[in-house]
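Colleague: Could you take me through this structure? I would like to learn how to read it.

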Amino acid sequence: MRVRPFSASGIHFNTFLLRIDTMQKTVLNEEHRRRGARMVDFGGWEMPLHYGSQIEEHHAVRGDAGMFDVSHMCAVDVRGSDARAFLRRLLANNVDRLQLPGKALYSTMLNEAGGVIDDLIVYHLAENDFRVVINAATAANDLRWMTARRDEWGLAVTISARREGEGALAMIAVQGPQARQKVGQVLPECQPACAGLKPFFAASVGEHLIARTGYTGEDGYEITLPAAQAVSLWNRLADAGAQPCGLGARDTLRLEAGMNLYGQDMDESVSPLDAGLAWTVDLAAPRDFVGKTALLARPQRYGFLGLLLIDRGVLRAHQQVESAHGAGEITSGSFSPTLQRAIALARLPLAAAVGDIVQVRVREKLLAARVVKPCFVRNGSILV
Amino acid sequence: MNIPTDLKYTRSHEWVRLEADGTISVGITDHAQELLGDLVFIELPEPGRELAAEQEAAVVESVKAAADVYAPLAGTVIEGNEALANAPELVNQDAYAAWLFRMRPAAVGDLDNLLDAAAYQEIVAAA
């Protein structure tokens, strides 16, 4: 038996070649090992792939509550009198949509050519005080880019990564229909602030930032807290019945929810308009932002849609798609534990439409798949 | 690590059982299923297919990865284990009960070229 090279899922996962000694570790690393996690290299970080069964962890999130260590992601504080002006020019989405304290916004950060440097969430903590959460593998490059733009534009902004050293933060995502109830049980002091928290809002309670955001298509929180307190919170959540989940389940959950993964569904060579992210790019406002000129000069060239495999098999990234309108390519694919069949996100010709039947080349065969909207499951319900 | 001593093994993590009628059953080892994780799809060889040693014979896919399964020695496929088509998780539950396919070897003596449990154990330990 030999594992096929394409199956290593994009550039991030490397399940079978461990580089334990050179990898970075989160503060929860020992906890993951103690709970029997299979550890893998994810963007240079040693992270849990699963704790026994990726599929059981997936179902726990859809049906009850699961929790993920996402401390490999990097929280960055962007502060100062020019913080808003800086982010307004840095990000493709419009930070002026953040007026209420605690509001969160998903955005891409583009290069001058309109390619995606990273995708991120920016939280509006207070006026002149924003928290940006960026991906693990891209963090160093992002920080260089952000600092260079700040200096180039001469803005009064401090940019502080909060992943290491003094003031280091950890992040735990608790997701699923019972997630908020379990967090309320474990952190009763946060209940008053969280009870009325709307989706895509965050509340600061003491040293915790509790955000009603996530990457699974389920309700829940992403909790940022001082790294030194993370093990205690993790274990109390486990005692409350939150299932520890690895990055394997995180990937199938986000795929079912139709959410993009950086490095797989888009990267610096891909326009956000071709990765299904036009809704996150604000071209209407008169503001200028990095990449805007390039996006205006090069409108959307591809559709970004879901595929539901009709034949038996498993869809994977980089498989070629043949449609009546031309060729396409799968950017993310897997077996969906909720649908019990293979699903994928795919870059398709602009004319391809929901309901089309296309052929996917899987090894030497052509398998039939139906084009669907790229959101397969939301809040426990199948949408396709 | 579960490595039964009554089976033969390949370096590529297949197990081989010599049956009383001179045919062989082939599956993937417990170590292999653990590496792959939850299996969700298995593509079996067609009966009658002639295979060379180390030729691709079957495909096993987990949520995260796809892997080729090789013929441990030359021969003819007798049957694939159709019970696995709708229940690939049987391989995760008991890798040595869930055979993938049966073959009639071109030469039974070729079995001597395969690894015994102790030799396979060393390969797993070194991985």
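Modeller: We will look at one helix and then at the place where two chains meet.

Modeller: This is a predicted model, where local features need pLDDT of at least 70, side-chain atom pairs count only at pLDDT 80 or more, and totals for chains, interfaces and linings use all residues. Residues are numbered from 1 along each chain as its sequence is written, and chains are lettered from A and ligands numbered from 1 in the order in which they are written.

Colleague: Why are Ala139(A), Asp142(A), Met146(A) and Arg150(A) on the same side of H4(A)?

Modeller: Helices (H or I, at least four residues) and strands (E, at least two) are DSSP runs, numbered from the N terminus. These four residues of H4(A) are buried (20 or more other C-beta atoms within 10 Å of a residue's own; exposed means 12 or fewer, partly exposed in between; C-beta atoms are placed from the backbone). They share a side because, by the directions from the helix axis to the C-beta atoms, they cover an arc of only 65°.

Colleague: Which residues are exposed on the other side of H4(A)?

Modeller: Turn to the side away from the buried residues. There, the exposed ones are Arg144(A), Ala148(A), Asp151(A) and Glu152(A).

Colleague: Which element gives the largest share of the side of chain B that touches chain A?

Modeller: In all, 19 residues of chain B are in contact with 20 of chain A (C-beta atoms, placed from the backbone, within 7 Å). Elements giving two or more residues on the chain B side are H1, S4 and S7 of chain B. The largest share, five residues, comes from S7(B).

Colleague: Which residue is the bridge partner of Val3(A) in S7(B)?

Modeller: S1 of chain A and S7(B) pair in the antiparallel sense over two bridges (pairing takes at least two bridges found by DSSP). In S7(B), the partner of Val3(A) is Ala67(B).

Methods:
Contact = placed C-beta atoms within 7 Å.
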